[in-house]
Amino acid sequence: MTIRPEYEDLTIGVVALQGSFAKHAFSMGKLGIKSRAVREPADLKLIDALILPGGESTTMTLLLENEGLWEPMNEALETLPVFGTCAGAILLGQQIDDERVRCFNKIDYKAERNAYGRQIESFSTALVIPSMLDHDFHAIFIRAPKFRDIKPNVMSLAVFGADPVLLRQGNVLVASFHPELTEDPGIHKYFVDEIVLKSR
Amino acid sequence: MTNELFEVKTGLAEMLKGGVIMDVTTPEQAKIAEQAGAVAVMALERIPADIRRDGGIARASDPKMIKEIQRAVSIPVMAKCRIGHFAEAQILEALEIDYIDESEVLTPADEANHIWKHDFKTPFVCGATNLAEALRRIGEGAALIRTKGEPGTGNIVEAVRHMRTINTEMANLSTMRTDELMAAAKKMGAPFHLVVQVAKTGKLPVPNFSAGGIATPADASLMMQLGAETIFVGSGIFKSENSEAMAKAIVQAATFYDKPDKLAEISEGLGKAMKGLDMVEIKPEDRMQDRGW
């Protein structure tokens, strides 16, 4: 794959407190895009967009708060394009009714944690994402959330059964599954081409 | 749609990376663990230090206790079965445990065979002391490997030995010519296709965690700098003077394992870590790491 010249001066921040952050950095690397681990507030000044990875939303909430990252990140997300997967998607939505998790209210839904059940209900499936890819996307769902109370201003890009699983609202992109676990960087590419580059 | 696929099993382990999995024996302890930032809890009746002290046969936990812990927390709940005891594993699967640990901490049920883990939808974690043992477990279907260390000792020396051994053996494989790998597999007693895979990639085909003797934030940092992607803490938390502070500190240490300044802050004023055991105090027949093969 040839690297697009527009990618050269981009740096995508990946919140690297816990979870699948290394996999997201690897997905960006496949596109020839640099990434930077975000573990303290100063890191937020050095990036063009942010990824909130999969992991445990309770653990991430605690680490974000303990490290003084929650407030600066909340502020940065007013303008910074962001992509959240699974736990990251839970955190980007409206505040859920669970005091163990603190949400950023950047996209209009409430996530229901572990909505498919425990690990034994985890699965993979082929998703059709017509506005994004000319091929099916192999999607891995791990103790995945469902998006509830989705407002009309939120665009659904893919569904599994009756449930929207890939959503966009302005500069915010979220997946209830894990594109970072798949070889195919197609969704990461969409995030960069359609959101990050167009917001500059 | 399918959920038998191996990637779904290793996928959960990917989500646990950079985190701490804590042994808990009650719903109250499970809540403390979750509030301290644990990415998962291991539900068991007695922590390894107490199993070691009490003696007798250590078996899988009472389903009632496991269910109470599942109800108490929202993070994944793991549980242990005896090595080779596939009926205990079937029961844990029926309870919808998120990960089954086929563990040397419990008394082995089969001296010859480990569980055929491909038969289960629930993913398995298994301990290993060297690369061949890790690859045999992966061959049987383990989706996650951890060092065995010496459980219940608060002594990191065995976990270090196991992690360094696995690293050295992987490095050795990656320097070999392809025509040497069959002989290597024969000598190691490991599945050939996995030997080839490690030789090519230089790493295990599943996530690589560490357990057995981790008692302080510095221990967690040490294991992660040696290549562990996540830390299991058994007795180290609830045998320490201030469990809540120790739990929180080890969680932070798993994130900032490569930042000594930060670790110095994290390690301050935690109270006494668990007392621990020197390896010379343990009789050879009491070594848990020698269970399984």
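This passage describes the sheets, helices, buried cores and backbone features of a two-chain predicted model. Residues are numbered from 1 along each chain as its sequence is written, and chains are lettered from A and ligands numbered from 1 in the order in which they are written. Because the model is predicted, local features need pLDDT of at least 70 and side-chain atom pairs count only at pLDDT 80 or more, whereas totals for chains, interfaces and linings use all residues; side-chain values use heavy atoms, with hydrogens and water left out.

Helices (H or I, at least four residues) and strands (E, at least two) are DSSP runs, numbered from the N terminus. Two strands are taken to pair if DSSP finds at least two bridges between them. In general, strands of a sheet pair through backbone hydrogen bonds, either parallel or antiparallel.

In chain A, seven strands form an open sheet of mixed pairing, in the order S2-S1-S3-S4-S11-S10-S9. Its edges are S2 and S9 of chain A, each of which pairs on one side only. Neighbouring strands of this sheet are turned by 20° against each other on average, direction ignored. Strand S1 (residues 11–15) of chain A is joined to strand S2 (residues 34–38) of chain A by five bridges in the parallel sense, with Thr11(A) opposite Lys34(A). Together with helix H1 (residues 21–30) of chain A, these two strands make a right-handed β-α-β unit; right-handed here means that, with the strands pointing away from the viewer, the path from the first strand over the helix to the second runs clockwise. At the other edge, S9(A) and strand S10 (residues 163–169) of chain A pair in the antiparallel sense over five bridges, and Ala158(A) has Leu166(A) as its bridge partner.

Two helices of chain A were examined against this sheet, with contact taken as heavy atoms within 4.5 Å. Axes are lines fitted to C-alpha atoms, for helices over the stretch in contact, and angles run from 0 to 180 degrees between N-to-C directions. H1(A) lies across S1, S2, strand S3 (49–52) and S4 of chain A, at about 165° to S1(A). Helix H5 (residues 186–196) of chain A packs on the sheet, touching S1, S3, S4, S9, S10 and strand S11 (172–175) of chain A, and makes about 145° with the direction of S3(A).

Chain B contains an open sheet of eight strands in the order S7-S6-S5-S4-S3-S2-S1-S8, with parallel pairing. Strand S7 (208–209) and strand S8 (231–233) of chain B are the edge strands, each pairing on one side only. Three bridges join strand S1 (residues 20–24) of chain B to S8(B), and Ile21(B) stands opposite Phe232(B). Helix H1 (residues 6–15) of chain B lies across strand S4 (99–103), strand S6 (144–147) and S7 of chain B, at about 90° to S4(B). Helix H2 (residues 27–36) of chain B crosses S1 and strand S2 (40–43) of chain B, at about 165° to S1(B).

Burial was assessed by relative accessible area (buried under 20%, exposed over 50%, partly exposed in between; 1.4 Å probe, protein chains only). Helix H6 (residues 131–140) of chain B is largely enclosed by the rest of the structure, because nine of its ten residues are buried. The cover over these residues includes strand S5 (124–128), S6, H7, helix H8 (181–188) and helix H9 (192–201) of chain B. For helix H7 (residues 157–174) of chain B, the 18 residues should span 26 Å at 1.5 Å a residue (1.5 Å times one less than the number of residues), and the end C-alpha atoms are 26 Å apart, which agrees. Buried residues of H7(B) include His162(B), Met163(B) and Ile166(B). In helix H10 (residues 217–225) of chain B, the buried residues include Pro217(B), Asp219(B) and Met223(B), and the cover includes H7, S8, H12 and helix H13 (260–266) of chain B.

A nonpolar core is a set of buried Ala, Val, Leu, Ile, Met, Phe, Trp, Tyr and Cys residues joined through side-chain atoms within 4.5 Å. The largest has 85 residues, and among the members that touch the most others are Leu50(A), Val174(A), Met22(B) and Met223(B). Helix H12 (residues 243–255) of chain B gives the most to this core, with seven residues. A separate core of 35 residues includes Ile51(A), Phe137(A), Leu166(A) and Ile195(A).

Two non-glycine residues of chain A have a positive phi: Cys86(A), at about 55°, and Asp149(A), at about 50°. Cys86(A) lies in the loop between strand S4 (82–85) and helix H4 (87–92) of chain A and counts as buried at 6% relative accessibility. Asp149(A), in the loop between strand S8 (146–148) and strand S9 (155–160) of chain A, is exposed at 55%.
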